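Please open the model in your viewer and keep the selection tool at hand. The tour moves from one selection to the next and says what there is to look at in each place.

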Amino acid sequence: MQKQTPAHRFTKAQVDDIRESVFRYHVAKLRPQFRFITRIKFPEIYFLSVNHADPSPTLLARFGNNKPPVKARSAVKPRRFEVFDKATGKEGILISADAVRWIAANQAKVETSWLKDGRGGTAGTCLVEQQKSGWVVVYYAIRARF
């Protein structure tokens, strides 16, 4: 594994690729969980956050055909420990992909979390690796559950 050097600077598009893989990882892992947890309603919408702000329009556009729909963080109705859509009132999940730290030319760590409400959520670090199919989350180390 190569160590990061100044030559290993990645473009904004590559960072968006990495964050997209983290968002998709969480969506894929959360769907089966909610099918079996009866006390938590299945999300009707997902909200994406990057460094506690909206993701770029380019990154958000990658989720245009997603079911359930995906919106930017700013579409969340501000209520403590609850995640609802301002426009529709539908309940959702807020997924964040924050700091990206490069550890090699083909690997990065991403600080990430998801929050449903006061009854569900995690925070941790994803190890993301570039493979032939693109960037893939190979491991998620949970640091906290809430």
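What follows is a walk through a predicted model, stop by stop.

Begin by selecting Arg-19, which lies in helix H1, residues 12–36. Which side chain of opposite charge is nearest to Arg-19, and how far away is it? The residue is Asp-16, at 5.0 Å, and Arg-19 is buried yet has no salt bridge, because a salt bridge requires a side-chain nitrogen of Lys or Arg within 4 Å of a carboxyl oxygen of Asp or Glu. Now show the backbone of Asp-98 as well, since its oxygen lies 2.7 Å from a polar atom of the Arg-19 side chain. If you leave aside neighbours within four places in sequence, the residues in contact with Arg-19 include Val-50, Asn-51, Leu-59 and Ala-97.

From that list, select Asn-51, which sits in the loop between strand E1 (45–49) and helix H2. Asn-51 is not a glycine, yet its phi is positive, at about 50°, and with a relative accessibility of 44% it counts as partly exposed. Move on to His-52, also placed in the loop between E1 and H2, where phi is again positive at about 65° although this residue is not a glycine either. His-52 counts as exposed, at 60% relative accessibility. For comparison, most residues other than glycine have a negative phi, and most peptide bonds are trans.

The second half of that remark applies at the next stop, the bond between Lys-67 and Pro-68, which is a cis peptide bond with omega at about -5°. Pro-68 itself belongs to the loop between helix H2 (57–61) and strand E2 (70–72).

Turn next to the aromatic rings, for which the count comes to 3 pairs. One of them joins Phe-23 and Phe-63 edge-to-face, with 6.1 Å centre to centre and 75° between the planes. Because Phe-23 lies in helix H1 and Phe-63 in the loop between H2 and E2, this pair ties together parts that are 40 residues apart in sequence. Phe-23 counts as buried at 0% relative accessibility, and Phe-63 is buried at 5%.

Then select Tyr-25 and Tyr-140, another edge-to-face pair, at 6.1 Å centre to centre and 70° between the planes. Here the link runs from helix H1 to strand E8 (residues 134–145), across 115 residues, and Tyr-140 counts as buried at 13% relative accessibility.

Finish at Gly-89, in the loop between strand E4 (82–85) and strand E5 (92–104). Gly-89 is partly exposed, at 40% relative accessible area, and its C-alpha atom is separated by 8.0 Å from that of Lys-77, 12 residues apart along the chain.

Notes. Residues numbered from 1 in each chain as written. Predicted model: local features only at pLDDT ≥ 70, side-chain atom pairs only at ≥ 80, totals over all residues. Heavy atoms only, no water. Helix = DSSP H or I, 4+ residues; strand = E, 2+ residues; numbered from the N terminus. Buried < 20%, exposed > 50% of the residue type's maximum accessible area, 1.4 Å probe, protein only. Lys, Arg positive; Asp, Glu negative; His and termini not counted. Polar contact = N/O pair within 3.5 Å; in protein donor to acceptor, adjacent residues only side chain to side chain. Contact = heavy atoms within 4.5 Å. Phe/Tyr/Trp six-rings, centres within 6.5 Å; stacked < 30°, edge-to-face > 60°.
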